[in-house]
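Take a look at the chain below before reading on. This report walks through a few of its residues, pairs and spaces.

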Amino acid sequence: MTNLNFRKVDGTPVEDVEKYVKDWVQRNPFGKVIIGCDSQMHGRKIKYSIAIVMHMLDSQGIGHGAHVLVADVWEKRITRNALEEMPTKLWKEAEYVQMAAAMVDGSDESFKKKITLHLDYSSNEKYKSNSMFNAGIGYLSGLGYKAEGKPHAYVSTHTADHFCR
């Protein structure tokens, strides 16, 4: 696996992701930190975009926008067959989400509970990504994180998806 180099949406690099997010949480005590990943095949490569969304909420739970950090990773495809590659590609999404979460929580077990992880895996059996749903959600939950898939995983399905296109 490669290092994740996060940046703000305007391109400004974030050197210390843990400090950056924890400082944000201190200033936004009602906010939520959600991390998700999506991937897209681009020719002979796969682009993974990992998004950290810091959703600003007030004491009433009303949203006031979000602050987004993103990291992109490019990897060589294993095969030309997209169907064969899908389980590996989806599993790497879970690994990148976990890697980003570990960077943010800094091994602080109490901070883990403030983070929600989103996977672009469907809970609906009619979709191919459902084959990885239980494994991915179980993996991240077993590490102590709250993990969600579709239809609740908006950071993966919308935010990360936007950056990896």
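Is S107 buried or exposed? S107 counts as exposed, because its relative accessibility is 66%. Keep in mind that this model is predicted.

**A turn after helix 2**

S107 sits in the loop between helix 2 and helix 3 (109-112). Its backbone has a special feature. S107 is not a glycine, yet its phi is positive, at about 65°.

D108 is found in that loop between helix 2 and helix 3 as well. D108 is partly exposed, because its relative accessible area is 28%. D108 forms a salt bridge with K22, and the closest N and O atoms are 3.8 Å apart. K22 belongs to helix 1 (residues 17-27), 86 residues away from D108 in sequence. The pair therefore links distant parts of the chain.

Now step back to D105, which is found in helix 2 (residues 82-105). D105 is buried, yet it has no salt bridge. Which side chain of opposite charge is nearest to D105? That is K112, 5.0 Å away. A salt bridge needs the nitrogen and the carboxyl oxygen within 4 Å, so a distance of 5.0 Å does not qualify. D105 does have another partner. Its side chain makes a polar contact with the side chain of Y145, at 2.3 Å. Setting aside neighbours within four places in sequence, D105 is in contact with residues including E18, K22, F111 and I115.

**Charged pairs**

Side chains of opposite charge can pair when their charged atoms come close. How many salt bridges does a search of the whole structure find? The search finds eleven. Three of them are set out here.

| Pair | N to O distance |
|---|---|
| D108 and K22 | 3.8 Å |
| D120 and K150 | 3.2 Å |
| E148 and K146 | 3.5 Å |

Take D120 and K150, whose side chains meet in a salt bridge. D120 lies in strand 5 and K150 in strand 6, so the pair ties together parts that are 30 residues apart in sequence. The two ends are not equally covered. D120 is buried, because its relative accessible area is 12%. K150 is partly exposed, because its relative accessible area is 30%.

E148 pairs with K146 through a salt bridge. E148 counts as partly exposed, because its relative accessibility is 22%. Elsewhere, salt bridges that share partners join R7, K47 and D72 into one network.

K150 has a second point of interest. A cis peptide bond joins K150 and P151, with omega about 10°. P151 is placed in the loop between strand 6 (146-150) and helix 5.

**Helix 5 and its cover**

The loop with P151 leads us to helix 5. Which residues are buried in helix 5? They are V155, S156, T159, A160, D161, F163 and C164. The cover over these buried residues includes strand 2, strand 3 (45-57), strand 4 (63-76) and strand 5.

H162 is also placed in helix 5 (residues 154-164). H162 counts as exposed, because its relative accessibility is 55%. H162 and A51 are 111 residues apart in sequence, but their C-alpha atoms are 9.9 Å apart in space.

I34 gives a view from strand 2, where it is placed. I34 counts as buried, because its relative accessibility is 2%. The C-alpha atoms of I34 and V155 are separated by 6.9 Å, although the two residues are 121 apart along the chain. I34 is in contact with V155 and Y154. Its contacts beyond four places in sequence also include A51, I52, V53, H55, T116 and H118.

**The largest pocket**

Rolling a probe the size of a water molecule over the atoms shows where empty space is left. The largest pocket has a volume of about 310 Å³. How many residues line the largest pocket? There are 18. M86, K89, L90, D120 and S129 lie nearest its centre. D120 is the residue that meets K150 in a salt bridge.

The elements that give two or more residues to this lining are strand 2 (32-42), helix 2 and strand 5 (115-122). Helix 2 gives the most, with six residues.

Definitions and conventions: Residues numbered from 1 in each chain as written. Predicted model: local features only at pLDDT ≥ 70, side-chain atom pairs only at ≥ 80, totals over all residues. Heavy atoms only, no water. Helix = DSSP H or I, 4+ residues; strand = E, 2+ residues; numbered from the N terminus. Buried < 20%, exposed > 50% of the residue type's maximum accessible area, 1.4 Å probe, protein only. Lys, Arg positive; Asp, Glu negative; His and termini not counted. Polar contact = N/O pair within 3.5 Å; in protein donor to acceptor, adjacent residues only side chain to side chain. Contact = heavy atoms within 4.5 Å. 1 Å grid on protein atoms, 1.4 Å probe; cavity = no way out; pocket = protein on both sides within 12 Å on 5 of 7 lines; lining within 4 Å. Points joined across faces, edges and corners; volume = space filled by probe spheres on them.
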